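I opened this notebook to keep track of what I looked up, entry by entry. The topics are charged pairs, the nonpolar interior, the ligand surroundings and a few single residues.

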Amino acid sequence: MKEPYKDGEDLKKAITKKVKKLGAAMVGFASIDRWEQYQETQPRFYPQYGFPFTRTVIVLGVPVQIPVLDTTPSVVYSELYNTTNRLLDEMAYRLTVFIEKRGHRTVFFPRDAYGDISVLVQKPEAAFSHVLAGKYAGLGTIGSNHTLLTKQYGPRVRLVSVLTDAEIAPDEVQEKDLCTHCGLCQKCCPTSAFTVIKGNPIAYMDKYKCARYHKTLREEFRYPCGVCIKVCPVGKDRKLYGTNTQKYLNEIKVLKENPNAPEYADWNHFRNFGSKNNL
Ligand code: SF4
Ligand code: SF4
């Protein structure tokens, strides 16, 4: 009988040390059987479908800071988003080479993988889901807003996945749902893309609506939206930055009535420079 996780703890420890050094705030390990066990996506989206040698998926995460996210849609949030993406892809590339040098076939799936937002308007899906990978790697649970909710940063974490033939002991999947089902993500979505379906913990999401809105934001240099991760109360990062639920809930209505409302002057300041506002 084949010995499970033959690469043992040493490789796992070495990878964990390496990714922390590279700047990852979180790392988790998923064995490929988790995709078959949970069956939450079609087999063609399993990691072993596109890269059949895969035995373990390593998921890395970096946080998005609330005060910048609060200004969305703005160029400052757009730049933060781009920075996290660059960092994730670079970390994943470096980790891929690190594991490959130890004799394992390894690749990474980039944090985003589409040529242009116009592609998502036609077909709003990716070849691989980092959110599912993050769940199977024990980093968090999936919220009503379709994102990965983590204890530390709620949904304010960006992810990338490294796929390897090394058989590494997986981390435990978090079973306790972190989503409080408060409905804030649905209420604050500027496109009303979510519909709560009774009995389903995850809301239905009109991904086409969301993608069309993102196309406009991209043209205005203040992409992406991110409101459904901005308003979520889950995450220890709230302790550091606090929360103002009422400000989130009233934002659309108040700014519609008065675009210069003084209570939003701080966020509006960043929206008034460096990007267009054609909405
Ligand atoms: S905002 Fe509320 S309902 Fe939405 S994901 Fe967060 S906790 Fe869940
Ligand atoms: S990203 Fe924005 S538009 Fe898309 S679902 Fe979230 S809140 Fe709605």
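**Entry 1, salt bridges.** I began with the charged side chains of this predicted model, and the count came to 14 salt bridges. I then went through some of the pairs one at a time.

I looked up Arg 94 and found its side chain in a salt bridge with that of Glu 90, at 3.1 Å from N to O. Both residues belong to helix α5 and sit four residues apart, about one turn of the helix. Arg 94 is partly exposed at a relative accessible area of 42%, and Glu 90 likewise counts as partly exposed, at 44%.

Next I took Arg 158, whose salt bridge with Asp 112 has its closest N and O atoms 3.6 Å apart. Arg 158 is in strand β6 (residues 157-164) while Asp 112 is in the loop between β3 (106-109) and α6, so this pair ties together parts that lie 46 residues apart in sequence. I noted that Arg 158 is buried, with a relative accessible area of 16%.

A further pair is Glu 257 with Lys 253, where the closest N and O atoms are 3.6 Å apart. Both are in helix α12, four residues apart, which is about one turn of the helix. Glu 257 is exposed, with a relative accessible area of 62%, and Lys 253 is exposed too, at 57%. Asking which residues are joined into one network by salt bridges that share partners, I found Asp 89, Arg 111, Asp 112 and Arg 158.

**Entry 2, a buried acid.** Which side chain of opposite charge is nearest to Asp 70? Asp 70, placed in the loop between α4 and α5, is buried and yet has no salt bridge, the nearest side chain of opposite charge being that of Lys 230 at 4.7 Å. That distance stays outside the rule I used, because a salt bridge needs a side-chain nitrogen within 4 Å of a carboxyl oxygen. Leaving out residues up to four places away in sequence, Asp 70 touches Lys 230, Tyr 248, Trp 267 and Arg 271.

**Entry 3, the nonpolar core.** The largest nonpolar core has 25 residues, and those with the most contacts inside it are Tyr 77, Cys 188, Val 231, Tyr 248 and Tyr 264. Among the elements that each supply at least two residues of this core are α5 (75-100), α9 (207-219) and α12 (245-257). I followed Tyr 264 further and, apart from neighbours within four places in sequence, found it in contact with Gln 246, Lys 247, Asn 250, Glu 251, Val 254 and Leu 255.

I also checked Met 91, which lies in helix α5 and is buried, with a relative accessible area of 2%. Its C-alpha atom is 9.6 Å from that of Lys 21, although the two residues are 70 apart along the chain. Beyond its neighbours within four places, Met 91 is in contact with Leu 22, Gly 23, Ala 24, Leu 60 and Val 62.

**Entry 4, the two ligands.** The residues surrounding ligand 1 include Cys 179, His 181, Cys 182, Cys 185 and Cys 232. By class, the shell of ligand 1 has seven nonpolar, five polar and no charged residues.

Around ligand 2 I listed, among others, Cys 189, Cys 210, His 214, Cys 225 and Cys 228. Helices α9 and α10 are the elements giving two or more residues to this shell, and α9 provides the largest share, three residues. The class count for ligand 2 is nine nonpolar, three polar and no charged residues.

Methods
Residues numbered from 1 in each chain as written. Chains lettered and ligands numbered in written order. Predicted model: local features only at pLDDT ≥ 70, side-chain atom pairs only at ≥ 80, totals over all residues. Heavy atoms only, no water. Core = buried A, V, L, I, M, F, W, Y, C linked by side-chain atoms within 4.5 Å. Buried < 20%, exposed > 50% of the residue type's maximum accessible area, 1.4 Å probe, protein only. Contact = heavy atoms within 4.5 Å. Near = heavy atom within 4 Å. Nonpolar A, V, L, I, M, F, W, Y, C, P; charged D, E, K, R; others polar. Lys, Arg positive; Asp, Glu negative; His and termini not counted.
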